[in-house]
Amino acid sequence: MKHVPATQCGIWVRTSNGGHFASPNYPDSYPPNKECIYILEAAPRQRIELTFDEHYYIEPSFECRFDHLEIRDGPFGFSPLIDRYCGVKSPPLIRSTGRFMWIKFSSDEELEGLGFRAKYSFIPDCQFELSGADGIVRSSQVEQEEKTKPGQAVDCIWTIKATPKAKIYLRFLDYQMEHSNECKRNFVAVYDGSSSIENLKAKFCSTVANDVMLKTGVGVIRMWADEGSRLSRFRMLFTSFVEPPCTGSTFFCHSNMCINNSLVCNGIQNCAYPWDENHCKEKKKAGLFEQITKTHGTIIGVTSGIVLVLLIISILVQVKQPRKKVMACKTAFNKTGFQEVFDPPHYELFSLRDKEMSADLADLSEELDSYQKTRRSSTASRCIHDHHCGSQAPSVKQSRTNLSSMELPFRNDFAQPQPMKTFNSTFRKSSYTFKQAHECPEQALEDRVMEEMPCEIYVRGREDSAQASMSIDF
């Protein structure tokens with residue numbers, strides 16, 4: 001560590017190690033009307049970290065217009081201003097964003113004070129910050145976030161901040177140095193409070209790394225690995241704890257530490273001894289959604305997005321594509337065939353009705369034959385003399401009694417029968433009278449008086465209710 005004498009006012013510091021500087025005459029009062037400028041320069045890919053001692057006093061004033069300490073982020077007086085400081089409270093931890101830091105101390109002619117003493121250190125540009133009840137520090141973050149290029153040396157810092165009024169417990173979960181026991185080539189260093197060299201708590205470069213209990217709520221982990229030691233790695237668990245007595249929201253670890261109740265039975269040993277996981281019931285296996293990591297979720301989201309975009313494009317193409325018009329020629333409608341299919345089957349019914357009508361006609365014919373025989377026998381009895389019976393042919397109309405020679409006008413349409421056709425036949429036997437005389441048969445026929453016997457047959461047929469009639473006169 002390089003020390004700048006308190007009597008020296010202003011200096012340009014170029015070094016790879018840390019150091020400290022102070023106001024003139026520190027710890028005595030600084031002189032009036034004094035102005036000192038300090039410029040700190042770090043090595044490439046490093047930054048500057050500045051801390052102040054607790055013994056600090058600069059004349060307080062509104063907006064620090066009188067005695068003050070001005071700090072800028074850069075090598076010049078016009079670089080971005082970080083802040084101005086004065087009063088009785090020392091400034092907090094200050095870090096630069098680049099390789100340079102510009103610091104100026106000014107005092108006026110009136111009131112003087114104790115002044116200040118500052119410690120500076122050069123830290124890697126590769127930095128990470130973690131905080132909370134617990135967490136894991138991983139060297140793999142360097143490659144995942146591309147803090148260094150392949151083939152370059154690794155010089156990174158992890159700053160850990162515990163919960164309020166708590167301290168930090170560190171336990172290594174994984175540790176491997178590619179070149180063991182060669183601390184100049186690779187190591188893991190643990191600092192308690194800041195990365196200053198005097199705050200170094202432990203340094204590991206062999207094959208074993210032990211647990212570390214810090215006394216403050218700020219821990220700094222630094223990893224160094226040269227170009228030939230890029231395979232060195234580590235994984236460390238940090239846990240925030242408070243000293244006993246434990247309150248209602250904490251769990252007593254039986255090792256002078258109390259951890260948050262949320263860390264009990266979480267599957268990770270946060271205590272120095274595994275009492276926080278001893279009496280836990282076996283938890284169910286994590287479900288599918290719990291097993292999905294951030295990488296898996298990203299892959300699923302990207303894939304779903306691509307599928308959705310392709311689906312939208314397909315829909316747009318289908319909508320904008322002109323539709324083809326298809327002309328379908330309809331065949332001529334066959335009414336005859338359609339009627340044949342859906343007409344009710346009346347043929348069976350009509351044939352039965354036709355048989356009934358034929359039976360009625362047969363009965364009528366039998367009755368006519370019987371009547372003819374009766375008439376002939378009566379005519380024969382009227383004849384007195386045998387020579388009168390067949391000498392003269394009767395001069396009558398055509399023989400209406402001969403049913404076989406009779407022509408009956410009959411209409412029967414078989415095209416389309418009607419339901420429930422009715423056949424009525426009415427036969428009235430004729431009543432006849434004749435005079436039996438002693439005249440000759442020639443006059444007997446003339447004197448014969450006959451009444452006609454009507455015989456009518458009614459047939460109801462199709463929709464027009466046509467009548468078929470047959471009449472027989474005797």
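**Entry 1: overall makeup**

I began with the secondary structure, which comes to seven helices and 24 strands for this protein. I note at the outset that the model I am reading is a predicted one. Of the 474 residues in the protein, 35% are buried. I then looked up the accessible surface, which comes to about 30000 Å², with 54% of that area belonging to carbon and sulfur atoms. For the contacts, I took those between residues at least 6 apart in sequence, and 70% of them join residues at least 24 apart.

**Entry 2: disulfides**

I searched the whole structure for disulfides and found six. I wrote up three of the pairs in detail, starting with Cys246 and Cys258, whose sulfur atoms lie 1.6 Å apart. The torsion about the S-S bond of this pair is about -70°, so I recorded the disulfide as left-handed. Cys246 sits in the loop between β19 (233-241) and β20 (250-252), while Cys258 sits in strand β21 (residues 258-260), so the bond ties together parts that are twelve residues apart in sequence. I also checked how much of each partner is covered: Cys246 is partly exposed, with a relative accessible area of 28%, whereas Cys258 is buried at 1%.

The next pair I looked up was Cys253 and Cys271, which form a disulfide with their sulfur atoms 1.8 Å apart. This link is also left-handed, with -55° about the S-S bond. Cys253 belongs to the loop between β20 and β21, and Cys271 to the loop between β21 and α2 (288-291), so the pair ties together parts that are 18 residues apart in sequence. Cys253 is buried, with a relative accessibility of 0%, and Cys271 is likewise buried, with a relative accessible area of 0%.

The last of the pairs I followed up was Cys265 and Cys280, joined by a disulfide with an S to S distance of 1.8 Å. Its torsion about the S-S bond is about -85°, so this disulfide too is left-handed. Both cysteines, Cys265 and Cys280, lie in the loop between β21 and α2, so the bond ties together parts that are 15 residues apart in sequence. For Cys280 I noted a relative accessible area of 24%, which makes this residue partly exposed.

**Entry 3: salt bridges**

I counted 15 salt bridges in the structure, and I went through several of them one at a time. In one, Arg47 pairs with Asp125, and the closest N and O atoms are 3.6 Å apart. The two come from distant parts of the chain, since Arg47 is in strand β5 (residues 46-52) and Asp125 is in the loop between β10 (117-124) and β11 (126-131), 78 residues apart. Arg47 is buried, at a relative accessible area of 16%, whereas Asp125 is partly exposed, at 42%.

Another salt bridge joins the side chains of Arg222 and Asp155, with 2.9 Å from N to O. This pair also links distant parts of the chain: Arg222 is in strand β18 (residues 218-225) and Asp155 is in strand β13 (residues 154-161), 67 residues apart. When I checked their cover, Arg222 and Asp155 both turned out to be buried.

I then looked up Glu182 and Arg185, whose closest N and O atoms are 3.9 Å apart in a salt bridge. The distance falls within the 4 Å that the salt-bridge rule allows. Glu182 is partly exposed, with a relative accessible area of 36%, and Arg185 is also partly exposed, at 29% relative accessibility.

Finally for this entry, I noted that some salt bridges are joined up, with Glu70, Arg72, Arg84 and Lys104 linked in a network.

**Entry 4: a nonpolar patch**

I looked over the surface for nonpolar side chains and noted a patch of about 540 Å², made by Val302, Ile306, Val309, Leu310, Ile313 and Val317. I picked out Ile313 from this patch and placed it in helix α3 (residues 294-320). At 45% relative accessibility, Ile313 counts as partly exposed. I checked this value against the requirement for patch residues, which is over 30% relative accessible area.

Notes
Residues are numbered from 1 along each chain as its sequence is written. This is a predicted model: local features need pLDDT of at least 70, side-chain atom pairs count only at pLDDT 80 or more; totals for chains, interfaces and linings use all residues. Side-chain values use heavy atoms; hydrogens and water are left out. Patches are made of residues with over 30% relative accessible area and no salt bridge: like charges are joined within 9 Å, nonpolar side chains (Val, Leu, Ile, Met, Phe, Trp, Tyr) within 5 Å. Accessible areas come from the Shrake-Rupley method with a 1.4 Å probe; for residues, only the protein chains shown count as cover. Helices (H or I, at least four residues) and strands (E, at least two) are DSSP runs, numbered from the N terminus. Buried means under 20% relative accessible area, exposed over 50%, partly exposed in between (1.4 Å probe, protein chains only). Contact means heavy atoms within 4.5 Å. A disulfide is a pair of cysteine sulfur atoms within 2.5 Å.
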